[in-house]
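Okay, thanks for making time for this one. I'd like to walk through a few contacts in this structure, so let's put it on the screen.

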Amino acid sequence: MFKQLLRKKPIQPHAHTGLRKCLTAFDLALLGIGGAIGTGIFVLTGIAAATQSGPAVVLSFIIAGIAAGFAALAYAELSSSIGGSGSAYGYSYVAFGEFAAWMMGWMLLLEYGVGAAAVANGWAGYFVNTVTNLGFHIPEHLTKAPVLGGTINLPAFAIIWILTLLLMTGVKESARANNIMVIIKLSTIVTFIVLSVGHINTDNWHPFMPFGWFETLDTGKNIGVFAGASLVFFAYFGFDAVSTAAEECKNPQRDLPIGLIASLLFCTIIYIIVSGTLTGVVPYAELNTSSPVAYALTKLGYHWSSTLVATGVIAGLITVLLVLLYGLTRILFAMSRDGLISPIFSEVNPDRQTPSKIILMCGFVVSIVAGFIPLGELAETVNIGTLASFIMVCIGVIRLRMTHPELARPFKNPFNPLIPIAGVIACGALMSFLPAETWHRFITWAVVGAIFYFVYSIRHSKLAPR
């Protein structure tokens with residue numbers, strides 16, 4: 001049994017699997033930006049400033065960005081040398097063995113699957129408000145899950161299916177749609193910065209750290225710069241989906257590291273500028289609203305700002321959804337190909353060169369969750385799953401340097417093993433700042449995943465003895 005848990009896949013760098021190789025470094029960078037910039041910049045910036053960090057939310061973004069940066073360097077090394085659609089799941093398979101790989105894949109399903117359903121719910125809320133402001137009315141029972149008194153959250157259900165059909169048409173077509181939406185939301189952010197920068201009042205930055213570095217209140221709530229960093233880390237989840245595109249890159253050894261690192265650097269700079277501008281324009285205590293960017297612009301006299309921000313959010317969340325669904329399908333495609341879930345899902349459509357069956361399955365499951373189940377605080381668990389995957393990737397770099405020193409590494413982490421060790425420490429620290437309830441849900445999810453592995457995957461694996 002122990003040997004079965006540790007059985008490893010042989011390394012086959014960037015083997016061709018029938019998927020269409022058409023993505024460039026530019027496509028990958030915009031894929032990472034599309035996955036990362038969403039609710040984190042339009043919503044969490046204000047909430048973190050008002051309730052946890054104050055104006056020092058800028059430091060929270062920097063700390064979270066550094067932790068994500070260490071992970072990005074680890075992803076860059078493994079994606080360029082190993083590749084594969086499975087991302088951290090595939091890297092764990094060759095570094096630690098099958099059980100660790102399965103649990104890693106299970107955590108990625110939490111990140112991408114639950115994350116997509118949560119984002120779809122958030123997108124639906126903005127969409128309903130926007131069409132209502134434009135004079136169109138969607139019946140209330142079609143905007144809420146049954147347990148909330150409705151019939152279905154139809155906008156959330158529908159947007160998942162629209163993007164599912166887009167993914168089925170082909171990865172290049174999906175990348176073009178993502179690129180257009182990224183340009184729209186970046187235009188919204190630039191407009192906010194241009195309109196606000198002349199109104200910054202440096203008095204609003206004092207006190208700069210009203211909540212200190214870290215403190216746990218009697219209520220159990222964590223506050224401070226580090227607590228804020230663990231919250232705004234949500235703004236970085238999704239950039240790692242770039243690594244799931246390894247089998248569809250024209251030149252993966254060169255383009256994957258560029259896409260990963262460029263997207264993370266760009267997003268971090270944008271987050272720092274926006275959070276600094278926002279807290280400079282409005283006192284941090286006033287930013288605990290569902291749309292702090294729109295609130296700030298309205299306070300400056302730009303009353304049409306809600307429409308501008310709604311456009312940016314709607315476009316922004318669509319790209320996040322598209323990237324999360326894309327990453328989810330590619331990870332499950334890799335797991336199916338290895339026999340850990342049904343092999344029927346690893347079939348590639350010969351005409352579109354996409355894994356159509358797994359795309360349809362993901363669209364069906366995520367749309368049902370988004371349309372009929374209110375996720376509530378379950379979405380917070382996405383952060384801990386993402387941090388866990390980052391830690392495993394960092395450890396994987398160290399492990400493979402020891403076990404496979406001969407492996408060709410087009411991109412190598414500088415100062416190895418200091419960078420991946422720093423990534424483990426930084427991501428582990430952010431996990432420790434998360435609430436206890438988040439840990440309880442995470443452990444429950446892990447236990448369910450372990451049960452599934454021992455019931456099905458261990459016997460159906462392609463590496464199982466026949």
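Let's start with two aromatic residues: Trp 102 is buried, and Tyr 453 is buried as well. Keep in mind as I go that this is a predicted model. So how are the rings of Trp 102 and Tyr 453 arranged? Their centres sit 6.4 Å apart and the planes make an angle of 35°, so we call the pair tilted. Along the chain, these two are far from each other: Trp 102 belongs to helix α6, residues 98-133, while Tyr 453 belongs to helix α16, residues 436-460, and 351 residues separate them.

Stay on Trp 102 for a moment. Its relative accessibility is 1%, and with anything under 20% called buried, that is why it gets the label. What does Trp 102 touch, if we skip residues up to four places away in sequence? The list is Tyr 89, Met 335, Leu 340, Ile 341, Gly 449, Ala 450, Phe 452, Tyr 453 and Ser 457. There's also a backbone distance to look at: from the C-alpha of Trp 102 to the C-alpha of Ser 92 is 8.5 Å, with the two positions 10 residues apart along the chain.

Now zoom out a bit. Trp 102 and Tyr 453 are part of one aromatic cluster, together with Phe 99, Trp 106, Trp 445, Phe 452, Phe 454 and Tyr 456. How many aromatic pairs does a search of the whole structure find? It comes back with 18. One more of those is worth a look, Tyr 89 with Tyr 93: the ring centres are 5.7 Å apart and the planes are at 65°, so this pair counts as edge-to-face. Here both partners come from one helix, α5, residues 88-95, and they're four residues apart, about one turn. Tyr 89 and Tyr 93 are both buried. And you've met Tyr 89 already, in the contact list of Trp 102.

Okay, on to charges. Side chains of opposite charge can pair when their charged atoms come close. In this model there are eight salt bridges, and I'll show you three of them.

First up, Asp 27 and Lys 172, with the closest N and O atoms 2.7 Å apart. Asp 27 sits in helix α2, residues 25-36, and Lys 172 in helix α8, so the bridge ties together distant parts of the chain, 145 residues apart. Buried or exposed, for Asp 27? Buried, at 8% relative accessible area. Lys 172 is buried too, at 16%.

The other two share a glutamate, Glu 77. Arg 401 meets Glu 77 in a salt bridge at 2.9 Å, N to O. That one connects helix α14, residues 381-403, where Arg 401 sits, with helix α4, residues 57-81, where Glu 77 sits, across 324 residues. Both Arg 401 and Glu 77 are buried. Then Arg 409 bridges to Glu 77 as well, the closest N and O atoms being 3.3 Å apart. Arg 409 is in the loop between α14 and α15, 332 residues from Glu 77. So the picture is a salt-bridge network of Glu 77, Arg 401 and Arg 409. In terms of burial, Arg 409 has a relative accessible area of 12% and is buried, and Glu 77 is at 1%.

Next, a helix pair. We had Lys 172 in α8 a minute ago, so which helix crosses α8? It's α7, residues 154-169: the axes of α7 and α8, residues 171-196, come within 5 Å and cross at roughly 130°. That angle makes α7 oblique to α8. On the α7 side the contact uses Leu 166, Leu 167 and Thr 169, and on the α8 side Glu 173, Ser 174 and Ala 177. By class, that's three nonpolar residues, two polar and one charged.

Last stop, Lys 144, in the loop between α6 and α7. Lys 144 is partly exposed, at 30% relative accessible area. Setting aside neighbours within four places in sequence, Lys 144 contacts Gly 150, Thr 151, Ile 152 and Asn 153. And its C-alpha is 13 Å from that of Tyr 126, 18 residues away along the chain.

That's my tour, so over to you for questions.

Conventions
Residues numbered from 1 in each chain as written. Predicted model: local features only at pLDDT ≥ 70, side-chain atom pairs only at ≥ 80, totals over all residues. Heavy atoms only, no water. Axes fitted to C-alpha atoms, helices over the stretch in contact; angles between N-to-C directions. Parallel < 35°, antiparallel > 145°, perpendicular 65-115°, else oblique. Contact = heavy atoms within 4.5 Å. Nonpolar A, V, L, I, M, F, W, Y, C, P; charged D, E, K, R; others polar. Salt bridge = Lys/Arg side-chain N within 4 Å of Asp/Glu carboxyl O. Buried < 20%, exposed > 50% of the residue type's maximum accessible area, 1.4 Å probe, protein only. Phe/Tyr/Trp six-rings, centres within 6.5 Å; stacked < 30°, edge-to-face > 60°.
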